[in-house]
Amino acid sequence: MPNSASTSASSPVASPLLIGLAPVIAADTRILILGSFPGAQSLAAQQYYAHPRNQFWKLVGALVEEDLYRLPYDERLPRLLAHGFGLWDVLAACEREGSLDSAIRKPAANDFDRLRHLCPQLETVGFNGQASGKFAPQFAEAGYRTVVLPSSSPAHMAMTFEQKLDVWRRLVEKTESD
């Protein structure tokens, strides 16, 4: 009879199903930024881009000319919405060990069919990184302007903050009506 240590070591342990965060959107959202799936710290905190080295809040803050990074999280979301930005992820659920997109297993996409009803003014969809960027063609087919962005993740340091910001500025180029 095999001992339990050898049995458990030889059989893979399934990762638990992780559930993503609710969308941060409003009827007047004009620009939606989609990530892939929240990292471990973001899931634990139930906050988008909670990792302190993630550059998301600094990048978007630069776009809206407001220091969102310095604000408490519960003040960031209303400010983001006030500038016409929304936030969500392409995946509603998945299995994953750690925080890397490459570790995602059994992905389940969010239901985006309801976006036209929930966000009738939506014009532009930005994809925070290559993993979420794989969804860009289906949004383009639906009539949205799409921009695949360099990831704000601390794991993506191939570009400087300024280089990333130059690309992220494409989100606001055609949508500024002020």
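## Starting at serine 42

Which residues does serine 42 touch, not counting residues up to four places away in sequence? The contacts are Gln47, Tyr48, Tyr49, Ala50 and His51. Keep in mind that this is a predicted model.

Serine 42 itself has its place in helix H2, which covers residues 40-45. With a relative accessibility of 7%, serine 42 counts as buried, because the cut-off for that label is under 20%. Two of the residues on its contact list, Tyr48 and Tyr49, turn up again in an aromatic cluster.

## Aromatic pairs and a cluster

The count of aromatic pairs comes to nine. One of them joins phenylalanine 56 and tryptophan 168 edge-to-face, with 5.9 Å from centre to centre and 75° between the planes. Phenylalanine 56 belongs to helix H3 (residues 56-64) and tryptophan 168 to helix H8 (residues 161-168), so this pair ties together parts of the chain that are 112 residues apart in sequence. Both partners are tucked away from solvent: phenylalanine 56 counts as buried at 1% relative accessibility, and tryptophan 168 is buried at 0%.

Phenylalanine 127 and phenylalanine 139 make another edge-to-face pair, at 5.6 Å centre to centre and with 65° between the planes. Here a strand meets a helix: phenylalanine 127 is in strand S6 (residues 124-128), while phenylalanine 139 is in helix H7 (residues 136-141), 12 residues apart. Phenylalanine 127 is buried at 0% relative accessibility, and phenylalanine 139 is buried too, with a relative accessible area of 4%.

As for the cluster, Tyr48, Tyr49, Phe56, Trp57, Tyr73 and Trp168 form it together. That puts both rings of the H3–H8 pair inside the cluster.

## Charges over rings

Some rings have a charged side chain for company. Lysine 58 lies over the face of tyrosine 69, at 4.4 Å from the ring centre. For tyrosine 144, the partner is arginine 116, whose charged end sits over the ring, 4.4 Å from its centre.

## Salt bridges

Side chains of opposite charge can pair when their charged atoms come close. How many salt bridges does the structure hold? There are three.

Arginine 79 and glutamate 66 meet through their side chains at 2.8 Å, N to O. Arginine 79 sits in helix H4 (residues 73-82) and glutamate 66 in the loop between H3 and H4, so the bridge ties together parts that are 13 residues apart in sequence. At 32% relative accessibility, arginine 79 counts as partly exposed. Another bridge joins the side chains of aspartate 67 and arginine 70, at 3.4 Å from N to O. Aspartate 67 is partly exposed, with a relative accessible area of 43%, whereas arginine 70 is exposed at 67%.

Glutamate 95 and lysine 106 form a salt bridge with an N to O distance of 3.7 Å. Glutamate 95 lies in strand S4 (residues 91-95) and lysine 106 in strand S5 (residues 105-109), so the pair ties together parts that are 11 residues apart in sequence. The two ends sit in contrasting surroundings: glutamate 95 counts as buried at 15% relative accessibility, but lysine 106 counts as exposed at 60%.

Key: Residues numbered from 1 in each chain as written. Predicted model: local features only at pLDDT ≥ 70, side-chain atom pairs only at ≥ 80, totals over all residues. Heavy atoms only, no water. Phe/Tyr/Trp six-rings, centres within 6.5 Å; stacked < 30°, edge-to-face > 60°. Helix = DSSP H or I, 4+ residues; strand = E, 2+ residues; numbered from the N terminus. Buried < 20%, exposed > 50% of the residue type's maximum accessible area, 1.4 Å probe, protein only. Lys NZ or Arg CZ within 6 Å of the ring centre and 35° of its normal. Contact = heavy atoms within 4.5 Å. Salt bridge = Lys/Arg side-chain N within 4 Å of Asp/Glu carboxyl O.
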